[in-house]
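Let's take a walk through the inside of this protein. Have the model open and be ready to click on residues as we go.

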Amino acid sequence: MIGWVYVMEPQDYRRWLSQGSPEPLAAQGEALFHTVGCSGCHGVSSKIHAPPLEGVYGHLVPLETKEFVMADDKYIRDSIVLPASQIVAGYQNLMPSFQGHISEEDIMALTAYIKSIASKSPEGYSK
């Protein structure tokens, strides 16, 4: 079995525990999606050409290297903190790194939001 371990400062862990069920965490992620600027590039009406996030979670994403990667928690986290490490085919490397700008708690909330929109119509992704 494979899993991921996220290490947090004690106060961040207590805050994370107090979130309760995944629904509030996804709602927090949706709010962050708008406040930290994700929607400016990944939103439906965005003028910047960035990969859509609706329907991406759980699908294979084509990379510019002609490889595919599964959009899972690790991929989402890496895309937020190391965006240049895996560029989606057909897109430019425009996304800044959010490493040090948002907390691990925020990354988990954003991931929960992206998971919550996984059932929406994917564009160009396959299982």
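What follows covers the pockets, then the nonpolar core, then an aromatic pair. Keep in mind that this is a predicted model.

**Pockets**

Here are the two pockets side by side.

| Pocket | Volume | Lining by class | Top helix in the lining |
|---|---|---|---|
| Largest | About 580 Å³ | 26 nonpolar, seven polar, no charged residues | α4, four residues |
| Second largest | About 200 Å³ | seven nonpolar, one polar, three charged residues | α5, five residues |

Start with the largest pocket. Its lining has 33 residues, and if you want to land at its centre, go to His 42, Pro 51, Ser 79, Pro 83 and Met 95, which lie nearest to that point. Three helices each put at least two residues into this lining: α3 (38–42), α4 (73–81) and α5 (104–116). Charged residues are absent from the lining, where 26 nonpolar residues sit with seven polar ones.

Now for the second largest pocket. Which residues line the second largest pocket? You'll find Trp 4, Tyr 6, Trp 16, Leu 25, Asp 73, Arg 77, Ile 107, Met 108, Thr 111, Ala 112 and Lys 115 there. Helices α4 and α5 turn up again, each giving at least two residues to this lining. Three of the lining residues are charged.

**The nonpolar core**

Nonpolar side chains tend to be buried together in soluble globular proteins. In this model, the largest nonpolar core has 27 residues. Val 61, Tyr 75, Ile 80, Leu 110 and Ile 114 have the most contacts inside the core. Helices α2, α4 and α5 are the elements that give it two or more residues, and α5 has the largest share, with six.

Leu 110 is a handy one to click on. Leaving out residues up to four places away in sequence, Leu 110 touches Gly 29, Leu 32, Phe 33, Cys 38, Ile 80 and Ile 102. One of those partners, Ile 80, is also on the list of core residues with the most contacts.

**The aromatic pair**

How many aromatic pairs are there? The count comes to one. Phe 33 and Tyr 113 make up this pair, with 5.2 Å centre to centre and 50° between the planes, which makes the arrangement tilted. Phe 33 belongs to helix α2 (residues 22–35) and Tyr 113 to helix α5, 80 residues apart, so the pair links distant parts of the chain. Are these two residues buried or exposed? Both Phe 33 and Tyr 113 are buried.

Conventions
Residues are numbered from 1 along each chain as its sequence is written. This is a predicted model: local features need pLDDT of at least 70, side-chain atom pairs count only at pLDDT 80 or more; totals for chains, interfaces and linings use all residues. Side-chain values use heavy atoms; hydrogens and water are left out. On a 1 Å grid over the protein atoms alone, a cavity is a set of points where a 1.4 Å probe fits but cannot get out, and a pocket is an open set with protein on both sides within 12 Å along at least five of seven lines; lining residues have an atom within 4 Å of a point. Grid points are joined across faces, edges and corners, and a volume is the space filled by probe spheres set on the points. Ala, Val, Leu, Ile, Met, Phe, Trp, Tyr, Cys and Pro count as nonpolar, Asp, Glu, Lys and Arg as charged, and the others, Gly among them, as polar. Rings of Phe, Tyr and Trp (its six-membered ring) pair if their centres lie within 6.5 Å; planes under 30 degrees apart count as stacked, over 60 as edge-to-face and the rest as tilted. Buried means under 20% relative accessible area, exposed over 50%, partly exposed in between (1.4 Å probe, protein chains only). A nonpolar core is a set of buried Ala, Val, Leu, Ile, Met, Phe, Trp, Tyr and Cys residues joined through side-chain atoms within 4.5 Å. Contact means heavy atoms within 4.5 Å.
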